[in-house]
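This report is a first look at the structure shown below. It deals with charged contacts, aromatic contacts, surface patches and some backbone details.

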Amino acid sequence: MESPVFTPIQIGPVTLRNRIIRSAAFENMAYGNAPSKDLYDYHVAVARGGVGMTTLAYASVNRSGLSFDGQLWMREEIVSGLRRITDAVHAQCAKCSIQLGHCGNMTHRATCGCMPVGASSGFNLYSPTFVRGLKKAEIDSLVQDFGHAVDLAREAGFDCVEIHAGHGYLISQFLSPYTNHRHDEYGGSLENRMRLMQRVIRCVLEHAGSDMGVIVKMNMHDGFRGGMQREECLKVARELERLGVHALVLSAGFVSKAPMEVMRGAMPLRTMTHYMDPWKFWWLRAMVRIFGRIMVPTVPYREAYFLEDALQFRQAVKMPLIYVGGVTSLNKMEEILGAGFQALQMARALVRDTDFVNKLQSGELTSSPCGHSNYCIGRMYTLEMKCNRCVENLPAKLRREVEKAEKQWNPKP
C-alpha cells in the first residue's frame with residue numbers, strides 16, 4: 001500500500017500531490033531584496049525533488065519589514081522574477097507558496113530604511129537598536145500592505161500565501177505580552193493583542209479570494225517566561241479557525257529571545273562569526289564569541305520535537321494543521337499524519353538533499369542524512385543557506401564544529 005505521505009491533500013482551494021511542504025526557512029538568496037538565479041535554482045530543484053509544495057521564505061510586505069539584505073520585498077518590480085520561479089515550479093507538478101510578513105523590531109535602519117518599528121517602543125538587543133511603537137495610522141497602512149502583497153503574489157503565480165504570525169516577528173510582537181506594552185485597543189488583554197492579527201487575516205482572506213490558499217504560521221508558545229504560553233496560543237488558534245484560515249503551521253520560539261526553541265540543537269557560533277565581515281561587524285563578532293552561549297543557549301534536538309505540543313492543538317481545533325519541527329524519517333511522517341495532521345513541513349532535510357522526497361518515495365532512503373549540526377543556519381545570517389556537505393574546502397575549525405554537533409545529536413548505538 002502507498003504511504004499516506006504520498007497521497008494528495010487539499011489546502012483551501014489548492015490540491016497538493018503529496019503531504020510534504022518545503023517550509024518557509026530563510027534562504028538568504030534574494031540579493032538586493034529581489035529573486036535571484038540561486039533562489040530560482042533552489043526552489044525548482046526542491047520541486048523536481050518531489051515535494052507537494054515549496055515555500056519561498058519571508059517576503060516583507062514593505063521596506064520597513066526587512067531584516068536582511070537577502071530577503072524578498074514585495075513590490076511590482078519583482079513580480080516578473082517571482083513569476084519565473086512559480087512557472088518553473090509548476091512545470092515540475094508542484095505548487096508554490098510565499099511567506100508574507102513584517103519583522104517588526106528585528107532590523108536596523110541600514111536595512112529597513114527607517115527607525116525600526118514594533119508593537120511598542122524600546123530597545124532590541126537582537127539588532128541592537130532603539131525601536132518605536134507603530135502609530136494607529138501606520139497600523140492601518142500596514143494592514144493594506146498585507147493585502148497588496150497578496151495581490152502581487154497572485155500576479156506572480158503563487159498558489160498559497162503563508163502569513164508569518166510567529167517567532168517574534170511583528171504580528172507575534174503584538175500578540176506577545178513580552179513585546180506588547182501598549183495602552184490602546186491593541187494592547188493589554190489577549191483580545192486586544194489579537195486585533196492586528198485579526199485585521200491582517202481578514203484583509204488577506206479578502207484579497208486571496210476563492211482561488212488562493214491562506215496558511216498562517218503561529219507559535220504554540222514563545223519559549224520563555226513572560227512570553228505567550230500554550231493556553232493563550234490555543235485561543236489564537238481557535239480565533240484563526242473562526243476567521244476562516246485554511247491551515248495552520250504550528251511552531252514555537254522567539255528569534256530575539258529564544259531562537260533555538262525554533263530550530264533546536266546548538267547555534268554554530270564559529271560558523272556564524274567566520275562568515276561575518278570582520279571590518280563591518282567586528283563588534284558583533286566579538287559579542288557573539290564572548291556572550292554567544294548566553295545569548296543563544298542550546299535547546300536539545302530530537303526528531304519531531306514539537307509533536308507533543310502540536311497534539312494539544314490537534315485536539316483543540318478541527319481545521320487542517322501542518323506539522324513542522326525536526327521531521328526526518330518516513331516512519332515519523334506517517335506517525336504524524338496518523339495523529340490527525342493533514343501535512344508536514346521540512347527545511348533542513350531539503351537543504352541537505354533537494355531530492356530527498358523522491359528518494360523516500362522510491363525507497364532509496366527511509367530518513368534524511370542531515371546531521372543536525374545547524375551549519376546551514378549559522379551560515380545563513382551572512383551567506384545563502386547551504387549544507388556543510390555542499391561546501392568545498394570547509395575550514396578545519398568549522399568542520400570540527402560540525403563533527404562535534406553531529407556526534408552530539410546523532411550518537412552511535
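Lys-37 and Asp-41 sit four residues apart in helix 1 (residues 37–48), a spacing of about one turn of the helix. In this predicted model, the two side chains form a salt bridge, with 2.7 Å between the closest N and O atoms. Lys-37 counts as exposed because its relative accessibility is 61%. Asp-41 has a relative accessible area of 33%, so Asp-41 is partly exposed.

The structure holds 18 salt bridges. Some of them involve buried residues. Arg-182 and Asp-184 form a salt bridge at 2.8 Å, N to O, and both of these residues are buried. Arg-379, Glu-384 and Lys-386 are joined into one network by salt bridges that share partners. Another salt bridge brings together the side chains of Arg-22 and Glu-27, at 3.8 Å from N to O. Arg-22 and Glu-27 are buried too.

The table lists the three salt bridges described here with a distance.

| Salt bridge | N to O distance |
|---|---|
| Lys-37 and Asp-41 | 2.7 Å |
| Arg-182 and Asp-184 | 2.8 Å |
| Arg-22 and Glu-27 | 3.8 Å |

Charge also appears on the surface. Seven residues are named in a patch of positive charge there: Arg-270, Arg-289, Arg-293, Lys-397, Arg-399, Arg-400 and Lys-404. Two elements, helix 11 (282–295) and helix 17 (396–409), each give two or more residues to this patch. Helix 17 supplies the largest share of the patch, four residues. Arg-270 is located in helix 10 (residues 269–275). With a relative accessibility of 49%, Arg-270 counts as partly exposed, because the exposed class begins over 50%.

The surface has a nonpolar patch as well. Met-115, Phe-123, Leu-125 and Phe-130 make up this patch, which covers about 420 Å². Met-115 belongs to the loop between helix 3 (109–112) and strand 7 (117–118). Its relative accessible area is 30%, so Met-115 is partly exposed.

Aromatic side chains form a further set of contacts. The structure holds 12 aromatic pairs. One of these pairs joins Phe-123 and Phe-130 edge-to-face, with 4.9 Å centre to centre and 70° between the planes. Phe-123 and Phe-130 are also among the residues of the nonpolar patch. Phe-123 is partly exposed because its relative accessibility is 48%. Phe-130, at 56% relative accessibility, therefore counts as exposed.

Tyr-323 and Phe-341 form another edge-to-face pair, with a centre to centre distance of 6.2 Å and 75° between the planes. Their pair links distant parts of the chain, 18 residues apart: Tyr-323 is in strand 13 (residues 321–324), and Phe-341 is in the loop between helix 13 (330–338) and strand 14 (343–346). Are these two residues buried or exposed? Tyr-323 has a relative accessible area of 0%, so it is buried. Phe-341 is buried as well, because its relative accessibility is 2%. Elsewhere, ring pairs join Phe-26, Phe-68 and Tyr-381 into a cluster.

The backbone has some details worth noting. Most residues other than glycine have a negative phi. Which phi does Tyr-58 have? Tyr-58 is not a glycine, yet its phi is positive, about 35°. Tyr-58 lies in strand 4, and it is buried because its relative accessibility is 3%. Asn-393, also not a glycine, has a positive phi of about 55°. Asn-393 is found in the loop between helix 16 (375–380) and helix 17. At 74% relative accessibility, Asn-393 therefore counts as exposed.

The last residue described here is Asn-62, in the loop between strand 4 (53–60) and strand 5 (72–73). Asn-62 is buried because its relative accessible area, 14%, falls in the class under 20%. Asn-62 and Gly-101 are 39 residues apart along the chain, and 8.8 Å separates their C-alpha atoms.

Conventions
Residues numbered from 1 in each chain as written. Predicted model: local features only at pLDDT ≥ 70, side-chain atom pairs only at ≥ 80, totals over all residues. Heavy atoms only, no water. Patch = residues over 30% accessible without salt bridge, like charges linked within 9 Å, V, L, I, M, F, W, Y side chains within 5 Å. Areas by Shrake-Rupley, 256 points an atom, 1.4 Å probe, with all protein chains shown as cover. Salt bridge = Lys/Arg side-chain N within 4 Å of Asp/Glu carboxyl O. Lys, Arg positive; Asp, Glu negative; His and termini not counted. Charge placed at Lys NZ, Arg CZ, Asp CG, Glu CD. Buried < 20%, exposed > 50% of the residue type's maximum accessible area, 1.4 Å probe, protein only. Phe/Tyr/Trp six-rings, centres within 6.5 Å; stacked < 30°, edge-to-face > 60°.
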